[in-house]
There are 2 protein chains.
Amino acid sequence: MDINDLSKDLAPIISNTMADVVEVKLREYLKKKSFKPGDALPKELELAEALGVSRNVLREALSRLRMLGMIESKKKRGMVLARPDILGAFERVLDPLIIDKNTLQDIFELRLVLEMGLAELLYINKTNKDIAELESIAKKEVNNDNSFRIKNEIAFHGKLYEMSGNDTLKRFQIMLLPIFDYVVTLEKKPTRGLVDHLGLVEILKNGTVEDFKKGMQAHLQPHFDRLK
Amino acid sequence: MDINDLSKDLAPIISNTMADVVEVKLREYLKKKSFKPGDALPKELELAEALGVSRNVLREALSRLRMLGMIESKKKRGMVLARPDILGAFERVLDPLIIDKNTLQDIFELRLVLEMGLAELLYINKTNKDIAELESIAKKEVNNDNSFRIKNEIAFHGKLYEMSGNDTLKRFQIMLLPIFDYVVTLEKKPTRGLVDHLGLVEILKNGTVEDFKKGMQAHLQPHFDRLK
DNA sequence: TTTAGTCTTTATGTAGTACATATCAAATGT
DNA sequence: ACATTTGATATGTACTACATAAAGACTAAA
């Protein structure tokens, strides 16, 4: 058993700081008291005293919750519980350069999975106006330089997510773009599936959900091939 | 024009605190200097002085990055850049009770999309051992009380994600469970698709990817019906 | 009575000091 | 050469002081 196996079994002891503990306690507190957005929280000094920590430590924990959008605070009004932006936190750590290779690959696959599964939502929500826009994007991309082609590629797939009518999904996709981009550029050879964008538009116009799934599968095939 | 229109046009002024600014600046700094995991950061006092803020403010910002796992710090060694847990941040704000209805719905749909798109990965990575385990899960669920049925439902779909061979995806799914659960229980009537779990297992054994996609679609159909 | 303006109070935001604690590194002793 | 002690140092925690903004009360003018 080499050192690597060992370090997997024996996770390093992470000395929890007070701020870590307080953060958890606060979250538990909010949950237990079933606070709703808009509800006022006790004052900093009260919380600090109740928890038996300095206002300093408490504020470090509060700062974390504030970053996540869980609480908002104004000068005299005090603090109130807010609706966190669930993707905001995610966004902050999504830098291809500091994510390890395995996770990058996982996220790449995640996006492929999303694209493949999008069909149902798409067929539920698509409108003729959407399809027209999508078509105009697809038509622009023929015979252009590479950097423009990539922009257009993003625009096309982005439009697809937008057509799903799911804002969270759309934002999620935008956040994942840098990762996707990074992984794709890692593997030099420009991949081209058997079905291109115009083909997909055509299916959206006249084909069934099943047709579209097959089309998308063919479109992404080169990526899947690489996974095997 | 009533008050509501007004509040849409005029977003409330959010007074950025120093900690907010410093957080951004630190993130930019790490990016610009292209720090890699393991690299040491300057001392707190140096950073505070360079940024022109008190150590207090700086530590609030650092506390945020520490929460996200971007940095780690030990007593005398100083701080080092670390690999953030990309899902850790997400996990912290994923509470069905504080997420607004629209976003809940979005996430519910997101999970449906994932399940639908899973087929390709599944067929790339599935093993006979996996399928056997999946089958044993599916077989357990006949003739049991409701709470057990739900646990088994989770186990089955969880196993599917596990079979994708994508750890991030698997973790992501586990995190999304409470949301999915919450939305499903909101809509009382127990949904039953035309294809049950044993049916899906059967397809995995002998059917094609296409068959499985159709099967999963039929399995989830009740959920999709509700979206329309 | 209503409106405008001022003052007081108060909770958060920021700064600074002091000390505790853990740990590295050098000095010391065996 | 090895074990022990000691000092230096960076983070962790506590406390104090003041700045700032905003709510609420109070006052004066229309």
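Reader: How are chain A and chain B related, by what turn and what shift along the axis?
Author: In this predicted model, chain A is laid on chain B by a turn of 180° and a shift of 0.0 Å along the axis, with an RMSD of 0.1 Å. The two copies are thus related as by a two-fold rotation axis. The superposition is by least squares on the C-alpha atoms of residues with pLDDT of at least 70 in both copies.

Reader: Which residue of chain A comes closest to that rotation axis?
Author: That is G117(A), whose C-alpha lies at 1.9 Å from the rotation axis.

Reader: And through what surface do the copies meet?
Author: They meet through the same surface, because 100% of the interface residues of chain A are also interface residues in chain B. Contact here means heavy atoms within 4.5 Å.

Reader: Some words on conventions, please.
Author: Residues are numbered from 1 along each chain as its sequence is written, and chains are lettered from A and ligands numbered from 1 in the order in which they are written. As the model is predicted, local features need pLDDT of at least 70 and side-chain atom pairs count only at pLDDT 80 or more, while totals for chains, interfaces and linings use all residues; side-chain values use heavy atoms, with hydrogens and water left out.

Reader: Turning to the DNA, which residues come nearest to strand C?
Author: Of the 23 residues around DNA strand C, the nearest are K43(A), R55(A), R59(A), K75(A) and M18(B). A residue counts as near if one of its heavy atoms lies within 4 Å of the strand. Sugar and phosphate make up 69% of the atoms of DNA strand C that come within 4 Å of the protein.

Reader: What does M18(B) have close to a phosphate oxygen?
Author: A polar backbone atom of M18(B) is 2.7 Å from a phosphate oxygen of DNA strand C. For K43(A), a polar side-chain atom lies 3.1 Å from a phosphate oxygen of the strand.

Reader: Which helix gives the most to this surface?
Author: Helix 4 of chain A does, with 4 residues. Helices are DSSP runs (H or I, at least four residues), numbered from the N terminus.

Reader: L58(A) is in that helix; is it buried or exposed?
Author: L58(A) is buried, with a relative accessible area of 0%. Buried means under 20% relative accessible area (1.4 Å probe, protein chains only).

Reader: What does L58(A) touch?
Author: Not counting residues up to four places away in sequence, L58(A) touches V22(A), L26(A), E44(A), L47(A), A48(A), L51(A) and V53(A). The C-alpha atoms of L58(A) and L26(A) are separated by 9.3 Å.

Key. Polar contact = N/O pair within 3.5 Å; in protein donor to acceptor, adjacent residues only side chain to side chain. Helix = DSSP H or I, 4+ residues; strand = E, 2+ residues; numbered from the N terminus. Buried < 20%, exposed > 50% of the residue type's maximum accessible area, 1.4 Å probe, protein only.
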